[in-house]
Amino acid sequence: MIPHSLDIPERRNQTERFVRRMMGFKVVIALSDELDLKCSTVGGFTGPAVHQLLPDNPEPVRTIVVASKPLQAAVDKVQRCLAFDAILLHELGHVAEHGFPVVDQQSDREHFQNLCSTPITEWPSHTGPKWAGHDCRFIRALLHIHHRMLSRGHRTPCLRLAFNHVAYGLSRIETYRDALGTEPEDNDWPPLAEILVDPMPAGFQTLWTNDVVRSLGLPTAATDFDSTISVTKTGRTYEHATQ
Ligand SMILES: [Zn+2]
């Protein structure tokens, strides 16, 4: 079933079924209000231990929390669904990028509540440039998922809403999509984990390299620059959020 309901809880249920077929594994989607979380700084988040927020302490399962606040701020039902879809798309990019769940950490409710009410750039796991956590691996995963949603009939996820390039100091998502070429179309069905370990298309790699050079103020003539640069996250958390 393609998500079509304008009622958010029902759309969430439809989207869970849609995503399970598309991704090949289960992803639980929770609304922050249902979890009694006050999300004031993020549109949504995911991570290896987020399932611990769910009622009845379920087995580890990939879990995405969508914040209720940006949905309530939408001017009408359609805009609310657009926001929901965009947040979901963004977080699915993180799920695909990292292959959650990883269960080597325990996080209590207070930990998540703090994350939800702290600007992302002040999170313990957010170190480095503005795009930290949203590097080329995430962008590539996001574009693949967006393509798969569209190719399976899901028409509303908006890339621009899902990728705030201004906040990250990176090129527009449409520019990255063009640079990725036909890779998503040519790899529409294989598990994403298999595709994302392959070398990136040259044009995509070049665009990313140029963005990193610009954002970090590196000399463009640097010949020993490792164009696969990415940020190694440190600390106890690996949660990722929609900014
Ligand atoms: Zn994110």
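**Exercise 1. Classify the environment of Asn-210 in this predicted model.**

Solution. Asn-210 is found in helix α11, which covers residues 202-216. Inside 10 Å, Asn-210 has 13 C-beta neighbours. The class "exposed" ends at 12 neighbours and "buried" begins at 20. Asn-210 therefore counts as partly exposed. For a distance check, take Ser-171: the two residues are 39 apart in sequence, and their C-alpha atoms are 9.4 Å apart in space.

**Exercise 2. Describe how α8 and α11 pack, and sort the residues of the contact by type.**

Solution. Start with the geometry: the angle between α8 and α11 is about 145 degrees, and their axes are 7 Å apart. Next, list the residues. α8 contributes Thr-175, Tyr-176, Ala-179 and Leu-180, which meet Gly-203, Phe-204 and Leu-207 in α11. Last, sort them: five are nonpolar, two are polar and none is charged.

**Exercise 3. Decide how α5 is oriented with respect to α8, and state what the contact consists of.**

Solution. Helix α5 spans residues 136-151 and helix α8 spans residues 173-180; the packing angle is about 80 degrees, with the axes 10 Å apart. Angles of 65 to 115 degrees count as roughly perpendicular, so α5 is roughly perpendicular to α8. The α5 side of the contact is Ile-139, Arg-140 and Leu-143, and the α8 side is Tyr-176, Arg-177 and Leu-180. By type, this contact of α5 with α8 holds four nonpolar residues, no polar ones and two charged ones.

**Exercise 4. Compare the span of α5 with the expected value, and determine how far the helix is enclosed.**

Solution. α5 has 16 residues, and the distance from its first C-alpha to its last is 22 Å. At 1.5 Å a residue the expected span is 22 Å, and the model is close to that. For burial, 12 of the 16 residues are buried, so α5 is largely enclosed by the rest of the structure. The buried residues include Ile-139, Arg-140 and Leu-143, each of which also takes part in the contact with α8. Among the other buried residues of α5 are His-144, His-146 and Arg-148. After the helix comes Gly-153, with a positive phi near 100 degrees.

**Exercise 5. Where is Asp-36, and what is notable about its phi?**

Solution. Asp-36 lies in the loop between β1 (27-31) and β2 (44-46). Its phi is near 60 degrees, a positive value in a residue other than glycine. Most residues other than glycine have a negative phi. With 9 C-beta neighbours inside 10 Å, Asp-36 counts as exposed.

**Exercise 6. Is Ala-73 buried or exposed?**

Solution. Locate the residue: Ala-73 is in the loop between α2 (68-72) and α3 (77-98). Count its neighbours: there are 10 C-beta atoms inside 10 Å, so Ala-73 counts as exposed. Its C-alpha is 9.7 Å from that of Ala-83, 10 residues away along the chain.

**Exercise 7. Summarise the whole chain, and identify a segment that should be read with caution.**

Solution. The protein has 11 helices and four strands. Of its 243 residues, 38% are buried. Among contacts with a separation of 6 or more, 75% join residues 24 or more positions apart. The mean pLDDT is 85, and 86% of the residues reach 70 or more. Over residues 222-239, pLDDT stays under 50, and the model has 33 contacts beyond four places in sequence for this segment. Where pLDDT is low, predicted coordinates should not be read in detail.

Methods: Residues numbered from 1 in each chain as written. Predicted model: local features only at pLDDT ≥ 70, side-chain atom pairs only at ≥ 80, totals over all residues. Axes fitted to C-alpha atoms, helices over the stretch in contact; angles between N-to-C directions. Helix = DSSP H or I, 4+ residues; strand = E, 2+ residues; numbered from the N terminus. Parallel < 35°, antiparallel > 145°, perpendicular 65-115°, else oblique. Contact = placed C-beta atoms within 7 Å. Nonpolar A, V, L, I, M, F, W, Y, C, P; charged D, E, K, R; others polar. pLDDT = per-residue confidence, 0-100. Expected span 1.5 Å × (residues − 1).
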